[in-house]
Amino acid sequence: QVQLVESGGGLVQAGASLRLSCTASGRTASRYVMGWFRQAPGKEREFVARINWGGSSITYYADSVKGRFTISKDNVKNTAYLQMNSLKPEDTAVYYCAVRNNVYSGEYDYWGQGTQVTVSS
């Protein structure tokens, strides 16, 4: 079992920055993928970014955040970060981190509880 704890959400004005953190604990695999997702009120959950763990640090971003968000990781702390710059009101959502044991494809196996990000105009 893997536990994920997110932090770093908050209320900011448009154009500001926030950094989210996600710390994994428990029985993590030697290689896995950690992703960030978000869900705005009344909308479906959508993919934001992901990073590979335990091998190459390949990253991938949704088009809507490319160039503004950066995902990174600290192997020692077992923590992934989502640096969010130039925030827009449409970035308002609950942000979740998740872990997928299959590094190639498939559903995510573990999810955090989410952290709220609110961007005012």
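The exercises below, each with a worked solution, concern a predicted model of a protein.

**Exercise 1. Overall make-up**

Task: Determine how many helices and strands the protein has, and how its radius of gyration compares with the globule rule.

Solution:
1. The secondary structure consists of 0 helices and 11 strands.
2. Read from the N terminus, the order of elements is β-β-β-β-β-β-β-β-β-β-β.
3. The radius of gyration is 14 Å, close to the 14 Å that the globule rule gives for 121 residues, so the protein is as compact as a globular protein of that length.
4. The C-alpha trace spans about 40 × 25 × 25 Å along the principal axes.
5. Of the 121 residues, 44% are buried.
6. Among contacts with a separation of 6 or more, 52% are between residues 24 or more positions apart.

**Exercise 2. A sheet and its edges**

Task: Give the strand order of the open sheet of 4 strands and state which strands lie at its edges.

Solution:
1. The order is β1-β3-β8-β7, with antiparallel pairing.
2. β1 and β7 each pair on one side only, which makes them the edge strands.
3. From one strand to the next, the twist averages 20°.
4. The antiparallel pair β1 and β3 is joined by 6 bridges, and E6 stands opposite C22 in β3.
5. β3 and β8, also antiparallel, are joined by 6 bridges; R19 has Q83 in β8 as its bridge partner.

**Exercise 3. The two faces of β1**

Task: Sort the side chains of β1 by face, and state which face is buried.

Solution:
1. In a regular strand, side chains alternate between the two faces of the sheet.
2. In β1, V2, L4 and E6 point to one face and are buried.
3. Q3, V5 and S7 point to the other face and are not buried.
4. Beyond four places in sequence, L4 touches C22, T23, A24, M34, C97, A98, V99, Y110, W111, G112 and Q113.

**Exercise 4. The nonpolar cores**

Task: Identify the residues that touch the most other members of the largest nonpolar core, and the strands that supply it.

Solution:
1. The largest core has 31 residues, of which L4, M34, W36, L82, M84 and Y95 touch the most other members.
2. At least two residues of this core come from each of β1 (2-7), β3 (18-26), β4 (32-39), β5 (46-53), β7, β8 (79-84), β9 (93-100) and β11 (115-120).
3. A second, separate core has 5 residues, including V33, F37, A98 and V103.
4. As general background, nonpolar side chains tend to be buried together in soluble globular proteins.

**Exercise 5. R68 and Y104**

Task: Classify R68 and Y104 as buried or exposed, and list the polar contacts of the R68 side chain with S86 and D91.

Solution:
1. R68 is in the loop between β6 (59-61) and β7 (69-74).
2. The relative accessible area of R68 is 11%; the cut-off for buried is under 20%, so R68 is buried.
3. The R68 side chain reaches the backbone oxygen of S86 at 3.0 Å, and a polar contact of 2.7 Å joins it to the side chain of D91.
4. Beyond four places in sequence, the contacts of R68 are Q83, M84, N85, S86, L87, K88 and D91.
5. Y104 is in the loop between β9 and β10 (110-111).
6. The relative accessibility of Y104 is 67%; the cut-off for exposed is over 50%, so Y104 counts as exposed.
7. Y104 and G9 are 95 residues apart in sequence, with 29 Å between their C-alpha atoms.

Methods
Residues are numbered from 1 along each chain as its sequence is written. This is a predicted model: local features need pLDDT of at least 70, side-chain atom pairs count only at pLDDT 80 or more; totals for chains, interfaces and linings use all residues. Side-chain values use heavy atoms; hydrogens and water are left out. Buried means under 20% relative accessible area, exposed over 50%, partly exposed in between (1.4 Å probe, protein chains only). A polar contact is a pair of N or O atoms within 3.5 Å; within protein, one must be able to donate a hydrogen and the other to accept it, and residues adjacent in sequence count only if both atoms are side-chain atoms. Contact means heavy atoms within 4.5 Å. A nonpolar core is a set of buried Ala, Val, Leu, Ile, Met, Phe, Trp, Tyr and Cys residues joined through side-chain atoms within 4.5 Å. Two strands pair if DSSP finds at least two bridges between them. Axes are lines fitted to C-alpha atoms, for helices over the stretch in contact, and angles run from 0 to 180 degrees between N-to-C directions. The radius of gyration is taken over C-alpha atoms; the globule rule is 2.2 Å times the number of residues to the power 0.38.
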